[in-house]
Amino acid sequence: MLHDRVLVRTDIPEGERRSSGGILIPATAEVGRRLAWAEVVAVGQNVRTVTPGDRVLYDPEDRAEVEVRGVAYVLMRERDLHAVAADRFEGSEDSTGLYL
């Protein structure tokens, strides 16, 4: 990884999904603009706020997809991340574990 790039693996598989109430939502259904969670796989040398294993919130419409050994990943800049969820942020008493 170079510079400020972050490589993530998305949590949500493409295609059909189920709502929390158990309703099947087809892949062709139009959903409003939503941010998505992903797990950080690798980071560039200039990335300061995330490390591999963190979960990050990003905009799925602003993504560059890449396939490595048959697995789909998303490549983005660190500044395109909206939030970071990691265990290392849970050290203080008033911490939620999220870095926004």
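The legends below describe close-up views of a predicted model.

**View 1. Confidence along the chain of the predicted model.** Over the chain the mean pLDDT is 78, with 72% of the residues reaching 70 or more. Confidence is highest in strand β4, at a mean of 90, and lowest in strand β9 (residues 98-99), where the mean is 54.

**View 2. The largest nonpolar core and the strands that supply it.** This core has 14 residues, and those touching the most other members are V6, V8, V50, V56, Y58, M76 and L81. At least two core residues come from each of the strands β1 (5-10), β4 (36-43), β5 (55-58), β7 (71-77) and β8 (81-85). Strand β4 gives the largest share, with three residues. As general background, nonpolar side chains in soluble globular proteins tend to be buried together.

**View 3. The hairpin of strands β6 and β7.** Strand β6 (residues 64-68) pairs with β7 in the antiparallel sense, and five bridges join the two strands. Among the residues involved, A64 has L75 of β7 as its bridge partner. Two residues lie between the strands of this hairpin, and in the turn R69 has a positive phi of about 50°.

**View 4. A nonpolar patch on the surface.** The residues M1, V66, V68 and L75 form this patch, and together they have about 270 Å² of accessible area. Of these, V68 is found in strand β6, and L75 is the residue of β7 that serves as bridge partner of A64. V68 counts as partly exposed because its relative accessible area is 38%, a value that lies between the limits of under 20% for buried and over 50% for exposed.

How values were computed. Residues numbered from 1 in each chain as written. Predicted model: local features only at pLDDT ≥ 70, side-chain atom pairs only at ≥ 80, totals over all residues. Heavy atoms only, no water. Core = buried A, V, L, I, M, F, W, Y, C linked by side-chain atoms within 4.5 Å. Buried < 20%, exposed > 50% of the residue type's maximum accessible area, 1.4 Å probe, protein only. Helix = DSSP H or I, 4+ residues; strand = E, 2+ residues; numbered from the N terminus. pLDDT = per-residue confidence, 0-100. Pairing = 2+ DSSP bridges. Patch = residues over 30% accessible without salt bridge, like charges linked within 9 Å, V, L, I, M, F, W, Y side chains within 5 Å. Areas by Shrake-Rupley, 256 points an atom, 1.4 Å probe, with all protein chains shown as cover. Salt bridge = Lys/Arg side-chain N within 4 Å of Asp/Glu carboxyl O.
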